[in-house]
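Trainee: Could you take me through one part of this model closely, strand by strand? I'd like to see how it connects to whatever sits around it.

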Amino acid sequence: MATAPARPPDPDAGALRVFLDGEHRAVRERGRALLDSPEFAPVSGMTRAQYREQVYAWAHSLARAGHTGLGFPSEFGGGGDIGGSVAAFETLAHGDLSLLVKTGVQFGLFGGAVLHLGTRSHHERYLRAIATLELPGCFAMTETGHGSNVQGLRTTATYDPAAGEFVVHTPRAGALKDYIGNAAVHGRMAAVFAQLVVDGTSHGVHALLVPIRDDRGTVCEGVTITDCGDKVGLDGVDNGHISFDRVRVPRSALLDRFGHVTEDGRYTSPIDSPNRRFFTMIGTLIQGRVSISGAALSATKSALTIAVRYGLRRRQFGPPDGEEILLLDYRTHQRRLLPALATTYALHFAQGELVAELDRIFTTGDDEDRERRQLETMAAGLKAATTAHATATIQECREACGGQGYLAVNRFAALRADTDVFTTFEGDNTVLLQLVAKSLLTNYSEQFSDLNPLGMARFVTGQLVEAFVERSAARQVVGALRGVVPRRDDDGALGDRTLHLELFRWREEHVLAGVARRMKAGVDAGQDSFAVFLDCQDHVLTAARAHVDRLTLEAFVRAVDRCADAGLAATLDRLCDLYALHQIERDRGWFLEHGRLTAARSKAITKAVNDLCGEVRPHARALVAAFAVPDAFLAPIARDEP
């Protein structure tokens, strides 16, 4: 009788953690140690007001520990490390998520606006006070009537040359600054985004620093602040509404890196094009989007750690007259958790590449438009992917733990509630995916600079789309002739990494070409441009998701290739296969419709995913242990039996 193959040894969780932590390992270890200290232990039973004060106290402690200002220049009390600051933020997401968002508003959004939109005088005056939390602030961009469409904000900042001041005003109810973190209780200054009006001419949205409370906490004259009240989650964050009644601030309050107003009332800018100026300004604030993407992954890792560990200790049912078996030994349970675990690893490696590119561009000051656009596209797509994955996976983990998962002490309630908003802040996911598709449709940002349906629809009527379609079609024909996307029913080919990559790449190009053809055909047929775009939005989102899936798989493959430890590489290789085949299985209807799979091959993929779940199952504990969720934030059901 043939001998069963020996089970491969478990990967070393410690070595895998080092590999996952990457170059910012020290920052992550320090963050975990902070979260594991008694000071940051989870709290419960507080009123909303008490909880907000506790989170504020925690934020001060983090600032004193130097864990929050890593992205600021060292001369202003920071660490001069953009990548490290994102890593620190990601690590905090294993703990209390109200603390995460509170610090994100203060040090990432408010501080980031001053750092990236201000000039030397603003840095010297404010950055050190922001880094130490001596000056608590807000990021006042979103309005009741405008969120994703930032260019349409209605708050005004009108220059008065006689007084040398800007007059900040909320002209209507829809211009109320809405959902502003730190506003309801603690903020003393806000970076207010408003239409800059000089000599009767609007020069688009700019940011100004506007005091909203004095040193004693009294709301400033002309400023009205109200509390947003109850939310689904994040009760430790004091979100508020802010309105301005002709509030005057000095000319120096304008964060004028991209637009300056002289004392006598002349507007100047290093960027002539208003659209390019706006998108350049917004692009400098991309770190917030990248950080939320990483934070969503950390919350997902926490949920998976709890659910997998519970599945490795809870027993239920079993063979007749036999002992009950572990939940994770059931194929159905493996199917619930292990593909999600593989996807989390895949997105982790894609996030790592995104952070490295952010760090490179911001550190080198690379202002090449194409490089910036690629970074913004990747950040938008990955943020949409990671936050959607977090929402779905945390819910699946909750259900996989049954009634125990419904108990607040086991953390799923807070994880689910507190991450729910991640899908809509720092960019609504649907809008972000449209931004991704817009970038894919053209390399000519000046000709396609407006992220709006009419601009997009008009663009695709040009010769650039015709050329794009022709190139894409040619690549598809060549690919088919070379057989890089086989249709055969050879089960052995399912584990071929080249097949996985080519299927993902072919799908992206095919869908993108289809979008361009469909939009152009509609306009050529005389349909209204706006109506054409609305009709194609489903296709646009599919193209964007296909692009993100391809980038994610390629990042996972590169991670496997660079892993020097053969044992770890073998485990990661199996996880990578599970990720790829699970994605193909998920979208097999599309692949069947387009002739890339036969029915027999589709069934074989399902069997392959089942087999891979069985191969990954013995390593599940080590795979989640490598996430290194701090012990203080492991739920009781995730701890070993005494």
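Mentor: Let's start from one bridge: A190 has V210 as its bridge partner in β6. That pair belongs to a ladder of nine bridges joining β5 to strand β6, residues 201-211, and the two strands run antiparallel. Keep in mind as we go that this is a predicted model.

The turn between them is worth a look too. The β5 and β6 hairpin has two residues between the strands, and D199 takes a positive phi near 55° there.

Now stay on A190 and look at its other partner. A190 is also the bridge partner, in β5, of C138. C138 takes us to strand β1, residues 137-140, which pairs with β5 in the parallel sense over four bridges. Further along β5, V197 is the bridge partner of T158. That brings in strand β2, residues 156-160, again paired with β5 in the parallel sense, here over three bridges. So much for the partners; what about cover? β5 itself, residues 189-198, is mostly covered, with ten of its ten residues buried.

While you have the model open, swing over to the helices. Helix α4 (residues 82-92) packs on helix α8 (residues 287-311) at an angle of about 40°, and their axes are 8 Å apart. The crossing of this pair is right-handed. From α4, the contact is made by I82, S85, V86, F89, E90 and T91, while α8 brings Q287, V290, S291, I292, G294, A295 and S298. By class, that contact of α4 with α8 has six nonpolar, six polar and one charged residues.

α8 turns up again around helix α11, residues 412-419. The buried residues of α11 are F412, L415, A417, D418 and T419, and they pack against α8 as well as α5 (97-117) and α10 (369-400).

A word on confidence before you zoom in anywhere else. The protein chain averages a pLDDT of 89, and 90% of the residues score at least 70. Over residues 443-451, though, the pLDDT is below 50, and this stretch has 24 contacts in the model beyond near neighbours in sequence. Residues 457-488 also stay under 50, with 48 contacts beyond four places in sequence. Where pLDDT is low, the predicted coordinates shouldn't be read in detail, so I'd not lean on the contacts of residues 443-451.

Terms used. Residues numbered from 1 in each chain as written. Predicted model: local features only at pLDDT ≥ 70, side-chain atom pairs only at ≥ 80, totals over all residues. Heavy atoms only, no water. Buried < 20%, exposed > 50% of the residue type's maximum accessible area, 1.4 Å probe, protein only. Pairing = 2+ DSSP bridges. Axes fitted to C-alpha atoms, helices over the stretch in contact; angles between N-to-C directions. Left-handed = near helix turned anticlockwise from the far one by under 90°. Contact = heavy atoms within 4.5 Å. Nonpolar A, V, L, I, M, F, W, Y, C, P; charged D, E, K, R; others polar. pLDDT = per-residue confidence, 0-100.
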